[in-house]
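Thanks for passing this one along for a read. My comments are below as numbered points, ready to be checked against the coordinates.

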Amino acid sequence: MSEQDLIDIRKEKHTALGGKFPIASNGTNITDILNWFESWHNPKFDAPITLELSDLERDSRKEMIHGRITSFRKSGSIAFIGLRDITGSIQLIASKKNLSNFADLSSLDIGDIIEVGGYLCRSKSEENSIAIVSFRLLTKCQKPLPEKWSGIADTELKYRSRYLDLISNEESRAIIIARSIVLRAIRSYLDSKNFIEVETSTLNAVNSGANAKPFITHHNALDQDMFLRVAPELSLKKLVVGGMERVYEIGRCYRNEGLSTRHNPEFTMLEFYQAY
């Protein structure tokens, strides 16, 4: 089949589920659920349990979660689904006797984002799981995802379609999270030293970047060419002259030279200035 054929099939499945998406979903993070497994020492729970709904209602805990389907395996009246959110992954167990719309599972695909409600349990292989009693589609993944969940090998595809890399590569997601933590730490440190965070103009009438080549654009209202900044240096120094004795900026800068997987002409720069 062509990719368009696969997309058409997925659209038909979406139509079969009603063709609409809910406007909101509230759920527990998967990592919070996995942490709770570690602290629960119910003797009945610790043994491989049967998936009788009455047992689950009496001895387990019900949760609502949402995430992306990463695997799907159906065997008769039982289905095993891998689900992942930004915090972690967990196995879902769906049984025909406990899930009233079990037949609708056939309309789901890997990549779909769903909401499920169910009871915490362990599978026969002692894997932390959720025995689901309800589910609904939140977002249909219309394009088939890369076959390998270990990451995209094609460098061109990886950098031009970053969302595909993020879906399939845990390390790429971890880098974005780490970047956020680093920036938060930098801000916290400078704020503790009484620095003031500011935002200065990225459009300048005069190019001020030493030997760096700027990007040039045109300002229609002023009818003049302007330059995207290559650094916030001059604007920050003007603020110091104006009496802002400690300032810093974490902002986008642009240098119209060079391009590689390790060097982007559009980048984030930190500059800070302190008088005296």
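**Notes on the chain**

1. Let me begin with one residue: His66 has a relative accessible area of 24%, so it counts as partly exposed. Please keep in mind throughout that this is a predicted model. His66 belongs to strand E1, which covers residues 62–75. Beyond its neighbours within four places in sequence, His66 touches Ser25, Asn26 and Gly27, as well as Leu83, Asp85, Ile114, Glu115 and Leu138. If you would like a long-range distance to check, take Ala178: it is 112 residues from His66 in sequence, and the two C-alpha atoms are 23 Å apart in space.

2. Now the chain as a whole. It has eight helices and 11 strands. The radius of gyration is 26 Å, whereas the globule rule gives 19 Å for 276 residues; the value is well over the rule, so the chain is more spread out than a compact globule. The C-alpha trace spans about 75 × 50 × 35 Å along its principal axes.

3. How much of the chain is buried? Of its 276 residues, 38% count as such. The accessible surface comes to about 16700 Å², and carbon and sulfur atoms account for 52% of that. As for contacts between residues at least 6 apart in sequence, 62% join residues at least 24 apart.

4. A brief word on charge. The chain carries 36 positive and 36 negative charges. The mean positions of these two sets are 1 Å apart.

5. Strand E10 deserves a look of its own. It runs over residues 246–254, and seven of its nine residues are buried, so the strand is largely enclosed by the rest of the structure. E10 has a parallel pairing with strand E6 (residues 196–197), made over two bridges. In that pairing, Glu197 stands opposite Tyr248 of E10. E10 also pairs with strand E11 (residues 266–274), here in the antiparallel sense and through nine bridges. To locate this pairing on screen, start from Arg246, which stands opposite Gln274 in E11.

6. Which strands make up the open sheet with the order E7-E9-E8? The three in that name, paired in the antiparallel sense. Strands E7 (203–204) and E8 (216–219) stand at the edges with a single partner strand each, so one side of each has no neighbour in the sheet. E7 is joined to strand E9 (residues 224–228) by two bridges, and these strands run antiparallel.

7. Asn204 is a handy marker for that sheet, being found in strand E7. Is Asn204 buried or exposed? Its relative accessible area is 17%, under the 20% cut-off, so Asn204 counts as buried. The bridge partner of Asn204 in E9 is Phe227. Leaving aside neighbours within four places in sequence, Asn204 is in contact with Phe227, Met226 and Arg229.

8. Leu99 sits in the loop between strand E3 (89–95) and E4. This loop residue is buried, at 1% relative accessibility. Leaving out neighbours within four places in sequence, the contacts of Leu99 are Ala94, Leu105 and the run Ile132, Val133, Ser134 and Phe135. Another distance to check is the one to Ile81: it lies 18 residues from Leu99 along the chain, and their C-alpha atoms are separated by 14 Å.

9. Finally, two loop residues whose backbone I would point out. Glu126 has a phi near 70 degrees, a positive value in a residue other than glycine. Glu126 lies in the loop between strand E4 (113–122) and strand E5 (128–139), and at 37% relative accessibility it counts as partly exposed. Asp223 also has a positive phi, of about 50 degrees, although it is not a glycine. Asp223 is found in the loop between E8 and E9, and its relative accessibility of 60% makes it exposed.

Note on methods: Residues are numbered from 1 along each chain as its sequence is written. This is a predicted model: local features need pLDDT of at least 70, side-chain atom pairs count only at pLDDT 80 or more; totals for chains, interfaces and linings use all residues. Side-chain values use heavy atoms; hydrogens and water are left out. Helices (H or I, at least four residues) and strands (E, at least two) are DSSP runs, numbered from the N terminus. The radius of gyration is taken over C-alpha atoms; the globule rule is 2.2 Å times the number of residues to the power 0.38. Buried means under 20% relative accessible area, exposed over 50%, partly exposed in between (1.4 Å probe, protein chains only). Contact means heavy atoms within 4.5 Å. Accessible areas come from the Shrake-Rupley method with a 1.4 Å probe; for residues, only the protein chains shown count as cover. Lys and Arg count as positive and Asp and Glu as negative; His and the chain ends are not counted. The place of a charge is taken as NZ of Lys, CZ of Arg, CG of Asp or CD of Glu. Two strands pair if DSSP finds at least two bridges between them.
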